[in-house]
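Hi,

Here is the structure I said I would pass on. Have a look at it first, and then read on for what turned up.

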Amino acid sequence: MTGSVVVVGAVNVDHVVVTGRLPRAGETVVGPAMVRHGGGKGANAAVAAARFGAHVRLIGAVGTDDVAAGALAELAEAGVGVASVERLATVPTGAAVIVVDAAGENQIAVGAGANAHVDPDRVRAALRALLPSTGCVLVSTEIPEAAVAAAVEEATAAGVCCVLNPAPVVPVVADLLRHGPVLTPNRGEAAELAPDLATLSARTGAPVVVTLGGEGVRYALPGEAPVDVAPHRTKVVDTTGAGDTFNGVLAARLAAGDPLDRAVRTANVAAALSVSAPGARAGGPTPAEVAAALAPVR
């Protein structure tokens, strides 16, 4: 079904402190307050995809602690289906501690919590029920490697477009390249997987899209020269979640039938606009805002 996305990934609660600068090793810095936001690469990308009109279902896990219900309610309010998010009584909901400096750069430490217990068998069962009506499966790697593998294997075996965001690059990613997912590493992650973009695309036999932060995006198809997409300049407030926005919008546009180049350019602008507000989701732009930003370059 065109426009339907299943996201397999982490759900976190982000605890954010804004300071004048990031702390050095062993140093304490003080900001005015701590603010709590919804987070997790899977959940953030799911919200971004839903904001772009995709019908989104999320597969993951949370605890039964006091923040779990709020995290799920926030996702549901954003248009994300959470019926396949498991509630685990024995572990807490995942959490991240984020420090953001005056330039919008960040440091992040994550306590995996329930995300470390996403069950690969449950992932397979959920996907088998959902894949007949899915246009794209987006998988991120803040969950167990077996769950990542289950998601990529089920999606690609069914012939469904699969986007794999290897953030972080866990060992199973190298083996999953043979299944031909659309790979979306950042510059550092790409370098961990192959010496250059052409080699990486040849290994997957599929498109590879490398996000370059403030330098835009570079992507390549097997056997073709890389294509550079220029950055979209915006005021930077908080870069947290920009990559998640990119992946969510990319998956939404691929599920809607956009060709790769158009989907990448749309996601590139959406990610750039997302850094203009604090929090991994709050700055996420609407389709109308992205269309307006793209209009001068079309």
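Gly53 comes just after helix α1 and takes a positive phi of about 90°. Keep in mind as you read this that the model is predicted. The helix before that glycine, α1, is mostly covered, with nine of its 11 residues buried. The buried set runs through Gly42, Ala43, Asn44, Ala45, Ala46, Val47, Ala48, Ala49 and Ala50.

One of those residues, Ala49, turns up again in the surroundings of Ala252, a residue of helix α8. Setting aside neighbours within four places in sequence, Ala252 is in contact with Val5, Ala49, Phe52 and Ala54. How accessible is Ala252, then? Its relative accessibility is 2%, and since buried means under 20%, Ala252 counts as buried. If you want a long-range distance to check, the C-alpha atoms of Ala252 and Ala112 are 140 residues apart along the chain and separated by 26 Å.

Now the sheet you will probably want to look at next. Four strands make up an open sheet with mixed pairing, in the order β3-β2-β6-β7. The edge positions go to β3 (34-39) and β7 (106-111); each has a single partner strand, so one side of each is left without a neighbour in the sheet. On average, and ignoring direction, neighbouring strands here are turned by 20° against each other.

The two inner pairings involving β6 go like this:

- β2 (residues 12-18) and β6 (residues 94-100) pair in the parallel sense, over seven bridges. Val18 has Val100 as its bridge partner in β6.
- β6 and β7 pair in the antiparallel sense, over six bridges. Here Val97 stands opposite Ala109 in β7.

The hairpin of β6 and β7 has five residues between the strands, and Gly104 takes a positive phi near 90° there.

Strand β6 also holds Gly94, which is buried with a relative accessible area of 1%. Not counting residues up to four places away in sequence, Gly94 touches Val11, Asn12, Val13, Gly111, Ala112, Gly113, Ala114 and Asn115. Ser4 is another matter: Gly94 and Ser4 are 90 residues apart in sequence and 26 Å apart in space, C-alpha to C-alpha.

Val11 and Val13 appear once more as contacts of Ala71, again leaving aside neighbours within four places in sequence. Ala71 sits in helix α2 (residues 68-77) and is buried, at 9% relative accessible area. Between the C-alpha atoms of Ala71 and Ala83, which are 12 residues apart along the chain, the separation is 13 Å.

Further along the chain there is another set of paired strands. Strand β8 (residues 136-140) runs parallel to β9, and five bridges join them. Within that pairing, Val137 has Cys162 as its bridge partner in β9. To get from β8 to β9 the chain goes through helix α4 (residues 145-157), and this β-α-β crossover is right-handed. β9 is also joined to strand β10 (residues 182-183) by two bridges, and these two run parallel. Val163 stands opposite Val182 in β10.

Why is β9 described as largely enclosed by the rest of the structure? Four of the five residues of β9 (residues 161-165) are buried, so the strand is largely enclosed.

Last, the part you may care about for your own work: the largest pocket. There is about 970 Å³ of space in it. Its lining counts 43 residues, and the closest to the pocket centre are Gly213, Thr239, Gly241, Ala242 and Gly243. Several of the elements above come back here, as those giving two or more residues to the lining are β2, α1 (41-51), β6, β7, α8 (242-255) and α9 (260-274). Which of them gives the most? That is α8, with five residues.

So when you open the pocket, you will meet α1 and α8 again in its lining, along with strands β2, β6 and β7 of the four-stranded open sheet.

Cheers

Methods. Residues are numbered from 1 along each chain as its sequence is written. This is a predicted model: local features need pLDDT of at least 70, side-chain atom pairs count only at pLDDT 80 or more; totals for chains, interfaces and linings use all residues. Side-chain values use heavy atoms; hydrogens and water are left out. Two strands pair if DSSP finds at least two bridges between them. Axes are lines fitted to C-alpha atoms, for helices over the stretch in contact, and angles run from 0 to 180 degrees between N-to-C directions. Buried means under 20% relative accessible area, exposed over 50%, partly exposed in between (1.4 Å probe, protein chains only). Contact means heavy atoms within 4.5 Å. A crossover is right-handed if, with the strands pointing away from the viewer, the path from the first strand over the helix to the second runs clockwise. On a 1 Å grid over the protein atoms alone, a cavity is a set of points where a 1.4 Å probe fits but cannot get out, and a pocket is an open set with protein on both sides within 12 Å along at least five of seven lines; lining residues have an atom within 4 Å of a point. Grid points are joined across faces, edges and corners, and a volume is the space filled by probe spheres set on the points.
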